[in-house]
Structures are given as structure tokens and as C-alpha cells.
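Trainee: Could we go through this model together, starting with its core?
Mentor: Gladly, here it is.

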Amino acid sequence: MNQTVTLADRKPVVLRPATRWSAFNLEEVLHYSDLLTMFALRDVKLRYRQTALGVIWVVFQPLLAAAIFLIIFNKVAQTPTDDISPFVFYYAGLMAYKSFENTVNKASMCMIGNAQLVAKVFFPRIILPVSTVLGSLLDFAVSAVVLAVLMLVFRVPPSPFLLLLPVWLLFLQLTALGLGFYFAALTVRYRDIQYALPVLVQFGLYATPVGFSVAFLLGKLPKALHFLVFLNPLTGLLDAFRWSVLGTPIYSWPIVIYGILASVALFVLGAMAFTQMEQSFADVI
């Protein structure tokens, strides 16, 4: 038996302005989970629709980068790789950093890439940067399969702590999303950021322990600059990532704990900044 739903029976939707301390509204995001999934799948499809090699690029890019790192850091600089095959060592670090890099770059561009929707349709705007995570995770999954093959070829046994890998991936994505929230909001008003940010993120590849260990980096830097290494949350997270995959030693657990706390703080602060600036998006985008 069909029942007629009147306007009086519907639960009203109340829209309130964001407060100064508004951050990530998980309940609202879950309410729009279908829209979140649609945005995520759309971005994945658009990425490979007009590419001749498709998903092969996900495999080829980190392999090429690892080969370049092999020449620069192993053959030229002769950096130690903690008794791990250099190619596998570099690939694992690149795989983790690329996951972070992809989310930051995609999230920062998502608002101006969906300008028509942002200006005309109501939905939680924060869904757009969050939706970019799926594409990064899919790329990571493909890279993980390649890493497993490389470890088999180079006879690198997996670490007994491999099950902790999703934990470090989670905090890498939280760090990336926190930065992505902030730069996505800034890009709406300052379009120059879309050109400068990818360069800065690419530079970060050489400022974090991707092609070398934390101990090697600290050994080459003056002690007065060590605090810069410790302030970077990716230092501890990448160190822990390789420890979980390859069993390389952790330089300092306090640095890892700092990376975890910093990733959560960046996520919350980035969401708060995004929520505050979101109120003017439709006017300036």
C-alpha cells in the first residue's frame, strides 16, 4: 500500500553558517556518500579516458623515477639503503610519497575544476577534495602489486610488520588532505597557487627521506638544520612506511609519533580553514 508523504511529514533541513571552530563534519559527508562516490569514480574515469597507455602510466612513472633515483643516489651519491636492494628501497619510498603527492595536487585543484557546480549547486564542498583520495588509493594499490613483484625478483623478504602498512598510508593521506583542504580554498582566490604548488610538492620529494634514510640525511646536514628534518611530518611517516614493508630500522619512534600527531593536526586545521573560506567560494570562483 503506497503512502503519500506530505511536506509536513518531511524532516526539515536547516542550513547554518559555519562557526570559527567548524571542521570536518563526518555525518554530513556520510549523508552525501553517493555524491562522494560519484565524484571519485568520475575523476578516475576522466584520468584514463584519453590516455593511450591508461593504467600502465601508474606502473611506469614510479619505475622510471626509481631508476633515476638509482643513478643519482646509488651510483653517484652512493647513499646507503639499509642493506636493502637499492631499487626496491627507492621504489617503496616513491610509492608512499606519490600517494601523498597525488592527493595534495588533485585536492588543491578540485574547486576550480568544478567551478560550475560550486557556484550553482548546494552540497558539502569538502566532499570534492575528499573524493580525490580514491584515485590516489587505486594508484597505490597498483604500485603495491608492482612492489610485491620487485621484492620477489630482488629476493627482499617482507617485513613481519606489513599489516601496519594501512596505518601509515592513512596518516599520509590525512596529511595530504589537510594540505589539500587549505590549498583548495586558497586556489579559489589566488589562481597562481595551481602553478606553484606542484613545483613545491615535487621539491619536497628531495627534502624528505625518499632516496635516502633519515640517518644519512641527518649525517649530511649541520646540526643547526636538523630541526627542519624533524618538523617535516613525512620524515617519520615514510620511515615507518618502509619499516612496515621492508623491515628497515626506525631512526626514532618519537619522530614517528610526531608525524602521526602532525598529520591529524594538519587535517583538522586544514578542514577548519576550508570551512571558513568556503562561505565566499561562490562569489569569487
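Trainee: Which helix gives the largest share of the largest nonpolar core?
Mentor: This is a predicted model, where local features need pLDDT of at least 70, side-chain atom pairs count only at pLDDT 80 or more, and totals for chains, interfaces and linings use all residues. Residues are numbered from 1 along each chain as its sequence is written, and side-chain values use heavy atoms, with hydrogens and water left out. The largest nonpolar core (buried Ala, Val, Leu, Ile, Met, Phe, Trp, Tyr and Cys joined through side-chain atoms within 4.5 Å) has 72 residues, with Leu-147 and Phe-274 among those with the most contacts inside it. Its largest share, 14 residues, comes from helix H4 (a DSSP run of H or I, at least four residues), residues 86-113.

Trainee: Which residues does Leu-147 contact, leaving aside neighbours within four places in sequence?
Mentor: Contact means heavy atoms within 4.5 Å. By that test, the partners of Leu-147 are Val-88, Tyr-91, Ala-92, Met-95 and Val-245.

Trainee: How far apart are the end C-alpha atoms of H6?
Mentor: Helix H6 covers residues 127-153, 27 in number. The expected span is 1.5 Å times one less than the number of residues. That gives 39 Å for H6, in agreement with the end-to-end separation of 40 Å.

Trainee: Is Val-214 buried or exposed?
Mentor: Val-214 lies in helix H9, residues 214-220, and touches Pro-209, Thr-235, Asp-239 and Tyr-251, not counting residues up to four places away in sequence. Buried means under 20% relative accessible area, exposed over 50%, and partly exposed in between (1.4 Å probe, protein chains only). With a relative accessible area of 3%, Val-214 is buried.

Technical notes: Helix = DSSP H or I, 4+ residues; strand = E, 2+ residues; numbered from the N terminus.
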